[in-house]
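Subject: Model for you to look at

Hello,

Here is the structure I promised to pass on. Please open it alongside this email.

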Amino acid sequence: MGREFQTVGAATTAIGASTNHKIFVYSGTYTQGATLNTDGWLIGQGVTGSGFDSVLNIAPPSNTVTRPSINGTRPQLGSTVAMGTNSQVRGLNISSGANTG
């Protein structure tokens, strides 16, 4: 697992133009949106599944830090999410003005 960021915008800025990155968003309300590059994932704590590792399709080594819980409250993003080719957005709500989804 990578490092934690305080905002969704900080995470997408750190990724830059890199592809195939996954961002996990904890429950809460966020004013910014996100830009996902090719194969980028934006996964909220409200995603349903059998566990964090299986939902994010990762296999961390043993003795890795405890992963966040899932099947919780969906985070609310208050701006647009721009998606690249093959991007995925799951387990969160997006509300950008009059456009909601």
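Below is what came out of going through it, element by element.

One caution before the details: this is a predicted model.

**Helix α1 and its two sides**

Start with α1, which covers residues 8-15. Its buried residues are V8, A11, T12 and I15. They span an arc of only 95 degrees around the axis, so they sit on the same side of α1. The face turned away from that buried side carries T13 and A14, which are exposed. What does the buried side pack against? The partners are β1, β2 (29-30), β3 (34-35) and β5 (76-77).

V8 shows this packing at the level of one residue. Leaving out residues up to four places away in sequence, V8 touches V25, Y30, Q32, G33, A34 and L77.

After α1 comes G16, with a positive phi near 60 degrees.

**The segment before α1**

F5 sits in the segment before α1. Is F5 buried, exposed or partly exposed? Its relative accessible area is 31%, so F5 counts as partly exposed. Setting aside neighbours within four places in sequence, F5 contacts A10, A11 and A14. A11 is one of the buried residues of α1, while A14 is on the exposed face. F5 and N63 are 58 residues apart along the chain, and 22 Å separates their C-alpha atoms.

**The nonpolar cores**

The largest nonpolar core has 12 residues. They are V8, A11, I15, I23, V25, Y30, A34, L36, L42, L77, V81 and L92. Two elements, α1 and β1, give two or more residues to this core. The largest share is that of α1, with 3 residues. Apart from this core lies another one, of 8 residues, including V47, V55, L56 and I70.

**Strands β1, β4 and β7**

Next, the strand pairing. β1 and β4 run parallel and are joined by 4 bridges. Within that pairing, I23 stands opposite L42 of β4. Both I23 and L42 belong to the largest nonpolar core.

β4 also pairs with β7 (residues 88-90), again in the parallel sense, over 3 bridges. Here W41 has Q88 of β7 as its bridge partner.

Which way do the residues of β4 (residues 41-44) point? W41 and I43 point one way, L42 and G44 the other, and all are buried. W41 has a further partner: K22 lies over the face of its ring, 4.1 Å from the ring centre.

**The aromatic cluster**

There are 2 aromatic pairs in the model. In the pair F24 and Y26, the ring centres are 5.3 Å apart and the planes stand at 85 degrees, so the pair is edge-to-face. In the pair F24 and F52, the centres are 5.1 Å apart and the planes stand at 75 degrees, so this pair is edge-to-face too. F24 lies in β1 (residues 22-25) and F52 in α2 (residues 52-55), so the second pair ties together parts that are 28 residues apart in sequence.

Which residues do the ring pairs link into a cluster? They are F24, Y26 and F52.

How accessible is each one? F24 is buried, at 17% relative accessible area. F52 is buried as well, at 8%. Y26 has 37% relative accessibility and counts as partly exposed.

**Two loop residues to check by eye**

Two residues other than glycine have a positive phi. D39 has a phi near 60 degrees. D39 is in the loop between β3 and β4, and at 29% relative accessibility D39 is partly exposed.

N57 has a phi near 55 degrees. N57 lies in the loop between α2 and β5. At 61% relative accessibility, N57 counts as exposed.

**In short**

α1 puts its buried residues on the same side and gives the largest share of the 12-residue core. β4 pairs in parallel with β1 and with β7. F24, Y26 and F52 form a ring cluster.

Best wishes

Notes: Residues are numbered from 1 along each chain as its sequence is written. This is a predicted model: local features need pLDDT of at least 70, side-chain atom pairs count only at pLDDT 80 or more; totals for chains, interfaces and linings use all residues. Side-chain values use heavy atoms; hydrogens and water are left out. Rings of Phe, Tyr and Trp (its six-membered ring) pair if their centres lie within 6.5 Å; planes under 30 degrees apart count as stacked, over 60 as edge-to-face and the rest as tilted. Buried means under 20% relative accessible area, exposed over 50%, partly exposed in between (1.4 Å probe, protein chains only). A charge sits over a ring if NZ of Lys or CZ of Arg is within 6 Å of the ring centre and within 35 degrees of the ring normal. Contact means heavy atoms within 4.5 Å. The arc is that of the directions from the helix axis to the C-beta atoms. A nonpolar core is a set of buried Ala, Val, Leu, Ile, Met, Phe, Trp, Tyr and Cys residues joined through side-chain atoms within 4.5 Å. Two strands pair if DSSP finds at least two bridges between them.
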